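Here are a few exercises to work through with the model open beside you. Try each task before you read its solution.

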Amino acid sequence: MENRRLAGKTAWVTGSSRGIGRAIAAHLASRGARIVLHGSAAAAPKVAGAERSLPEIADEIRAAHDVEVAHVYGDLSRPDVVKTLVARIGERFGGIDILVNNAGGDIGVKGVASPNAGKPERNDAVFIGEEDLRMILDRNLMTCIFACRETVPGMIERKRGWIVNIGSVDGVVGNAERAIYSTAKAAIHEYTRCLAAMLRPHGVYANVVAPGGTMSERFKASRPIDETRVAPVGGSLERYGYMEEIAQAVEFLVSEASSYITGQVLRVDGGSQLWPA
């Protein structure tokens, strides 16, 4: 029988039309949570394995785990859109208990369907185009902040809530490439610490899960894969991670098992980074 320790909680997972976000949503559903899926549009681009619409994904999760599943879509870099979506979720479920800010990615203005799954052609700290720069900051940092701004007041009022922002190991180290993505993820890490400091008196948690290289569809489509690092769970940790391993870390941070943990950056990277966050 499934462990249903999240029964009675509503979880909104942003950017859950594919990849890690979809894996997180399905995993939280397996633990009994009501799920709200999100994508930028009802039908995700047919790239990197994302070939099903949000309603189809919702039906699949609902059937597999016998929980309520809803879906919303829209551009979370627009505060008016975020306000509308959070209000809609509140009307359906009465509020959001768990917010997982997964929407993001090192994706420029050409979108995920472009070469290298959307990475800008110039992707460093100086020569990246302004449109790509702003897009990556909006897609990662601003979506996270806007979703928290609309969701947190209800959590404060109810004295209950769990926020997990998806950062990255790229936000903990300097990178010649992926510079603006790294900057945005580092900002998410610090924003989460500030948020946790604010929310401690209210019993609301805010933490970060920072994945290392994880075998999502987009990860495989956006770079050469080192086949020596494609290995099963249970052997060497000198390998790529799997989406379920990220989802399990999120579950830990929204469960009673982490009842005295807030404001932390949990790197899920097999130990590839062994210095302080």
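**Exercise 1. Work out how α3 and α4 are oriented relative to each other.**

Start with the angle: helix α3 (residues 79-93) and α4 pack at about 40°, with their axes 9 Å apart. Axes here are lines fitted to C-alpha atoms, for helices over the stretch in contact, and angles run from 0 to 180 degrees between N-to-C directions. Next, apply the classes: under 35 degrees is roughly parallel, over 145 roughly antiparallel, 65 to 115 roughly perpendicular, and the rest oblique. So α3 and α4 are oblique to each other. Their crossing is right-handed (the near helix is turned clockwise from the far one by less than a right angle; anticlockwise would be left-handed). Now for the residues: P79, V82, K83 and V86 of α3 touch F146, A147, E150 and T151 of α4, where contact means heavy atoms within 4.5 Å. Sorted by class, that contact has five nonpolar, one polar and two charged residues. Nonpolar covers Ala, Val, Leu, Ile, Met, Phe, Trp, Tyr, Cys and Pro; charged covers Asp, Glu, Lys and Arg; the others, Gly among them, are polar.

Before you go on, some ground rules: this is a predicted model, in which local features need pLDDT of at least 70 and side-chain atom pairs count only at pLDDT 80 or more, while totals for chains, interfaces and linings use all residues. Residues are numbered from 1 along each chain as its sequence is written, and side-chain values use heavy atoms, with hydrogens and water left out.

**Exercise 2. Do the same for α4 with α5.**

Helix α4 (residues 130-158) and helix α5 (residues 179-199) have axes that come within 9 Å and cross at roughly 15°. Helices (H or I, at least four residues) and strands (E, at least two) are DSSP runs, numbered from the N terminus. That angle makes α4 and α5 roughly parallel to each other, and their crossing is right-handed. By class, the contact of α4 with α5 divides into 18 nonpolar residues, one polar and one charged. Among the residues that meet are L133, I136 and L137 in α4, and I180, Y181 and A184 in α5.

**Exercise 3. Classify the crossing of α1 with α7.**

The axes of α1 (residues 19-30) and α7 (residues 243-253) come within 8 Å and cross at roughly 55°. That makes α1 oblique to α7. The crossing of α1 and α7 is right-handed.

**Exercise 4. Is H38 buried or exposed?**

First, place H38: it sits in strand β2 (residues 34-39). Its relative accessible area is 4%, so H38 is buried (buried means under 20%, exposed over 50%, partly exposed in between, with a 1.4 Å probe and protein chains only). Then look around the side chain: a polar atom of H38 lies 3.0 Å from the backbone oxygen of G74. Leaving aside neighbours within four places in sequence, H38 also has contacts that include W12, L54, Y73 and L85.

**Exercise 5. What is the sign of phi at D66 and K159?**

Most residues other than glycine have a negative phi. D66, though, has a positive phi near 55°, and K159 has a positive phi of about 55°. D66 is in the loop between α2 (54-65) and β3 (69-73), and at 68% relative accessibility D66 counts as exposed. K159 is in the loop between α4 and β5 (161-166).

Note on methods
Polar contact = N/O pair within 3.5 Å; in protein donor to acceptor, adjacent residues only side chain to side chain.
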